[in-house]
Amino acid sequence: MKGIALKAENITKFFNDPVDMPVLKNISLEVKKGEFVSIVGKSGCGKSTLLYVLSTMDTDYEGELTINGTQVTGLSLNNLAHIRNESIGFVFQFHYLLPDFTCLKNVMIPAMRLGKYSTKEIEAKAYEKLKMFGVEEQALKKANKLSGGQQQRVAIARALINDPAIIMGDEPTGNLDSKNTGIVFDLFQQLSKEFGQTIITVTHDTDFAGRSDRIITMADGEIESHGHK
């Protein structure tokens, strides 16, 4: 498994309302360490559902999922929660920052939960991440006082506080204008190229997808193409 960050084999998932309906059909894919992959496809094709399976947040599927050489399919919810917190960073379309907390506190939360470092160390690390994204001056402001673009950058800093091997984004630029979309893309590219972090994003933005290392196109619950550049 050297060089492979994530491997999915024959992933199949059904929605059961009111009858069994396949939403993911026998999906197999590999993502290399340090690769920046975009998953695209029309609304309803299953791409967000796939991301939630790959992220271990959805465990109701058939097939096998391996992350960093560890097979995660069938692990307990507690084990999965630990793997997620340590190995996966999430960036959503909506930033999900806690509005009454400062930006600094928001970024610190996943590291506090992991419990590997002292509060002082976590605070220093959080400042370092905020600085990396150019929002360190906003550190002590409440999250609801920031612009949308700044909030999303704080959300990415939070996703990175535990130095996860994989960053997953569900429409991470969906609420941003073209300038901030460009900033977020450049940050993701820097993370993959300079820091070797693996990026997997679901996006409707064809320009964003076109600049990533590889586009995986989905249709009707299946992978149509794995397009390599």
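This is a quick briefing on a sheet, the helices around it and one lysine. The model is predicted. At its heart, for our purposes, are an open sheet of 6 strands and helix H5, a mostly covered helix.

**The sheet**

- The 6 strands line up in the order S6-S7-S8-S3-S9-S10, and their pairing is mixed.
- S6 and S10 sit at the edges with a single partner strand each, so one side of each has no neighbour in the sheet.
- Going from one strand to the next, the twist averages 25 degrees.
- Helix H1 (residues 47–54) packs on the sheet and touches S3, S6, S7, S8 and S9. The direction of H1 makes about 150 degrees with that of S7.
- Helix H2 (residues 77–87) also packs on the sheet, where it touches S6 and S7. Its direction makes about 75 degrees with that of S6.

**The S9–S10 hairpin**

- S9 (residues 214–219) and S10 (residues 222–225) run antiparallel, joined by 3 bridges.
- Ala 219 stands opposite Glu 222 of S10.
- There are 2 residues between the strands, and Asp 220 takes a positive phi near 50 degrees in this hairpin.

**Helix H5**

- H5 covers residues 148–160, which makes 13 residues. From first C-alpha to last it reaches 19 Å, close to the 18 Å expected.
- Of those 13 residues, 11 are buried. Among them are Gln 151, Gln 152, Arg 153 and Arg 158, along with Val 154, Ile 156 and Leu 160.
- What does the covering of the buried residues of H5 include? Strands S6 and S7 take part, and so do helices H3, H4 and H6.

**H3 against H5**

- The axes of H3 and H5 are 7 Å apart, and the two helices pack at an angle of about 30 degrees. That angle makes H3 roughly parallel to H5, because angles under 35 degrees count that way.
- From H3, the contact uses Cys 103, Asn 106, Val 107 and Pro 110. From H5, Val 154, Ala 157 and Arg 158 take part.
- The crossing of the two helices is right-handed.
- Those three H5 residues are also on the list of buried ones.

**Lys 125**

- Lys 125 belongs to helix H4, one of the elements that cover the buried residues of H5.
- Is Lys 125 buried or exposed? Lys 125 is buried, because its relative accessible area of 16% falls under the 20% cut-off.
- Setting aside neighbours within four places in sequence, Lys 125 is in contact with Tyr 117, Ile 161, Asn 162 and Asp 163.

Terms used: Residues numbered from 1 in each chain as written. Predicted model: local features only at pLDDT ≥ 70, side-chain atom pairs only at ≥ 80, totals over all residues. Heavy atoms only, no water. Helix = DSSP H or I, 4+ residues; strand = E, 2+ residues; numbered from the N terminus. Expected span 1.5 Å × (residues − 1). Buried < 20%, exposed > 50% of the residue type's maximum accessible area, 1.4 Å probe, protein only. Contact = heavy atoms within 4.5 Å. Pairing = 2+ DSSP bridges. Axes fitted to C-alpha atoms, helices over the stretch in contact; angles between N-to-C directions. Parallel < 35°, antiparallel > 145°, perpendicular 65-115°, else oblique. Left-handed = near helix turned anticlockwise from the far one by under 90°.
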